[in-house]
Amino acid sequence: MTTIDGLLERRRIVFCVGSGGVGKTTTAAALAVESARRGRKTAVLTVDPAPRLKDALGLDTLDARPRRVPLGVGVHLDAVLLDVRRTFDEVVRGLAATPEQARAVLENRLYQNLSGTLAGTAEYTAVEIVFRLAEEGGYDLLVVDTPPARHVVDFLDAPRRLLALLDSRAFAILKDPTVILPASGSRLAHLVLSAVLRGLERFTGLELVREVGDFVRAIEALTGALRARVTAADALLRADGTALVLVTAPEPRLVDENTRLTRALAGLGLPVGGIIVNRMLPRALFAGGTPPPPDGLAPALVARLRRAHAELATLAARQEAVLAPLVEGTAAPVLAEVPLLPGDLGSLADLEAIARHLFPAPAAAPDSAGRVGR
Amino acid sequence: MSNWTSSKLTLRASGSYDRDVPARLPLAAQRLVIVTGKGGVGKSAVTAALARAVAGAGRRVLAVEVTRGGLGPLLGAGTLGPAPTVVAPRLQATALEPEEALGDFVQGILRFRMLARRLLESTSFQVLAAAAPGLPELLVLHRLLGWVEERRLGRRVYDLVVVDAPASGHSLPLLAAPRTLGTLTRFGPVAQVLARIQALLTDPSRTLVCLVTTPEELAVRETIELHRELAGPLGLPVAPPIVNALPPRRFGRRDEAALARLEATGGAHAYLVAARYQLERRRRALGQLTALRRALHEPAVSLPFLFAGPEAPGGVARLAADLAAAAGLTA
């Protein structure tokens with residue numbers, strides 16, 4: 001049977017993917033805590049932690065610098081907040097040959113509007129942070145929490161999409177719309193096209209066409225360096241040391257979402273290596289029909305207890321029914337089931353409790369651990 | 001203040017589920033209801049229930065989901081298509097794909113079929129359309145506006161359009177689109193469309209934005225942020241939050257004491273585990289409900305957690321009944 005140990009020990013980067021609200025962030029943090037406790041130098045990169053988890057991980061400010069989370073004597077975990085909104089500016093600054101070149105891009109009004117949306121630059125930024133930490137951080141394992149399902153595809157495909165844009169004809173067209181005319185095209189045709197584009201601008205009121213051109217011309221100066229960097233980041237995503245873990249929960253809505261997501265990821269050449277099912281009710285408690293009540297209770301209370309138990313049995317049956325279809329479409333092994341713990345989780349103690357479910361064998365003490373699979 | 005009293009009633013919820021939700025969802029004459037919230041909180045179930053509740057009260061309703069999702073099955077239909085289909089008396093449903101909306105939009109504005117097609121097929125236009133801030137969102141809104149304004153033989157086709165909108169992270173760009181694009185477009189047909197959409201969205205007599213959440217920390221936090229953003233800078237009419245999947249109250253205070261005694265003396269009986277689990281879930285949920293009310297200064301409309309799920313027979317009907325009560329709708 002494939003276990004999480006088996007999956008993690010051969011990897012340097014693990015991405016937790018899945019739909020919104022299934023507990024990706026918490027799962028990623030729990031995996032990282034356990035990995036660190038076993039003596040591997042580990043960092044968790046998280047997208048949107050709940051306040052309690054944020055506090056537990058010491059992520060009080062928004063930057064891409066790792067924070068050290070002490071886990072006991074001589075053991076620690078590093079935590080990094082992935083801020084996908086801000087950092088493409090830094091990529092631009094890093095790649096520009098001169099400050100003027102950087103400024104030409106950064107001050108473009110369209111860049112300011114577009115840097116979040118254009119061909120996945122925001123997503124690429126996150127990949128860039130992962131790349132940088134993998135290259136320079138000296139970590140044994142990076143556990144990466146990702147944005148919800150639909151966007152994780154954009155996220156993991158960001159390098160390729162950015163490359164495709166840089167190399168595309170559309171990019172050239174945006175820079176100078178008249179390139180769609182044949183080289184031998186008459187001067188008249190150029191004039192007509194320019195007039196049409198100007199007319200379109202006037203007609204629609206969108207002052208975009210020209211500004212997009214300015215933007216593309218400005219950013220083009222950077223494309224050589226950007227292309228090399230993006231290619232390297234893309235190779236890292238596809239390397240043997242990288243694995244994808246699908247985090248899910250036993251809910252009907254997730255059956256289709258998981259199938260679609262797995263298919264989309266496989267289409268990118270990024271197969272899911274295993275599945276973690278969160279929020280399972282402990283089956284044994286609710287599977288065996290109605291047990292006899294404890295002795296000596298008022299009948300009214302027994303009735304209420306029976307009802308509370310029956311309701312959870314209904315929920316457990318619903319979960320059981322959805323479990324098979326949930327993993328069927330994904331063609332990957334279930335690595336662990338984590339019980340539905342009441343309320344919101346986030347403290348380090350919570351993470352360790354989850355880790356005990358993720359790693360069925362009792363976790364080794366930090367001092368005797370160390371060489372897990374190395 | 002009467003509002004406080006009613007909120008306490010909601011929280012104190014006697015016996016069964018919180019039946020006594022006060023009538024506070026202003027839904028009587030609305031033309032457009034946009035339902036949003038964090039992923040996984042049950043937006044589609046609430047959208048389906050709202051649509052059923054309003055159709056049940058005699059108004060003609062169109063339920064719309066933006067991109068593929070689970071709305072169709074929750075309304076007792078299969079997967080929804082791009083054209084509205086009848087799923088129940090007075091209730092139609094459809095799915096809206098932003099790419100199709102692009103075609104409608106360009107044809108509507110350019111009027112000349114040939115020119116529109118040429119433009120749509122050109123790579124540069126596609127890249128431009130995908131890159132233009134707020135354009136895909138504008139297209140969705142434009143399509144919704146079309147349904148709200150649609151008339152046949154001088155009579156409205158739909159009294160109400162209910163939208164199962166994208167999760168909150170993407171609803172904000174959607175609802176901010178008229179403003180985002182407005183800074184780039186000052187005149188011409190696009191500007192006119194923007195103005196009409198903006199007028200509809202900000203008119204509290206026609207539009208209502210419903211934020212759905214579960215009583216869990218992350219979802220509640222996101223709801224508070226989104227509520228402030230939508231009601232504040234964007235000036236949209238936002239309804240009191242809808243708290244979905246509130247764990248029911250199953251045990252009184254005396255029960256709790258008895259259970260604690262049992263736990264202290266006996267082992268882990270399955271009944272006790274179940275009871276403790278339900279008590280704990282309810283306790284934490286009420287804490288989140290309080291946090292939500294404190295942050296937004298208004299009580300939430302709450303819907304019960306359904307153990308068999310909203311997709312089970314009677315699930316959506318149950319939620320619809322509660323929402324109809326909250327909106328003061330009668331059949």
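Me: How many helices and strands are there in chain A of this model?
Reply: Happy to start there. The model is a predicted one, and chain A has 374 residues. Its secondary structure comes to 16 helices and 8 strands.

Me: In which order do the strands of the open sheet stand?
Reply: The sheet is open, holds 8 strands and has mixed pairing. Neighbouring strands in this sheet are turned against each other by 20° on average, ignoring direction. Reading across chain A, the order is β3-β4-β2-β5-β1-β6-β7-β8.

Me: Which strands stand at the edges of that sheet?
Reply: Let's look for strands with a single partner. An edge strand of this sheet has one partner strand, so one of its sides is left without a neighbour in the sheet. In chain A that description fits residues 67-72 and residues 334-339, which are β3 and β8.

Me: Do β2 and β4 of chain A run parallel or antiparallel?
Reply: In general, strands of a sheet pair through backbone hydrogen bonds, in either of two directions. Here β2 (residues 42-46) and β4 (residues 75-81) of chain A are joined by 4 bridges. Ala43(A) stands opposite Asp78(A) of β4(A). The two strands run parallel.

Me: At about what angle does helix α16 of chain A run to β8(A)?
Reply: Helix α16 of chain A spans residues 348-358. This helix lies across two strands, β7 (272-280) and β8 of chain A. Its angle to β8(A) is about 135°.

Me: How are α13(A) and α15(A) oriented to each other?
Reply: A good pair to inspect: α13 covers residues 253-267 of chain A and α15 covers residues 299-328 of chain A. They pack with axes 8 Å apart, at an angle of about 10°. Because angles under 35 degrees count this way, α13(A) is roughly parallel to α15(A).

Me: How many residues of the contact of α13(A) with α15(A) are nonpolar?
Reply: From α13(A) come Leu254(A), Val255(A) and Asn258(A), while α15(A) brings Val322(A), Pro325(A) and Leu326(A). None of these contact residues is charged and 1 is polar. The nonpolar ones number 5.

Me: Is Thr26(A) buried or exposed?
Reply: Thr26(A) sits in helix α2 (residues 24-37) of chain A. Around it, 27 other C-beta atoms lie within 10 Å. Since 20 or more is the cut-off, Thr26(A) is buried.

Me: How far apart in space are Thr26(A) and Leu340(A)?
Reply: Along the sequence, 314 residues separate Thr26(A) and Leu340(A). For chain A overall, 77% of contacts between residues at least 6 apart join residues at least 24 apart. From C-alpha to C-alpha, Thr26(A) and Leu340(A) are 13 Å apart.

Technical notes. Residues numbered from 1 in each chain as written. Chains lettered and ligands numbered in written order. Predicted model: local features only at pLDDT ≥ 70, side-chain atom pairs only at ≥ 80, totals over all residues. Axes fitted to C-alpha atoms, helices over the stretch in contact; angles between N-to-C directions. Parallel < 35°, antiparallel > 145°, perpendicular 65-115°, else oblique. Contact = placed C-beta atoms within 7 Å. Nonpolar A, V, L, I, M, F, W, Y, C, P; charged D, E, K, R; others polar. Pairing = 2+ DSSP bridges. Buried ≥ 20, exposed ≤ 12 C-beta atoms within 10 Å, placed from the backbone.
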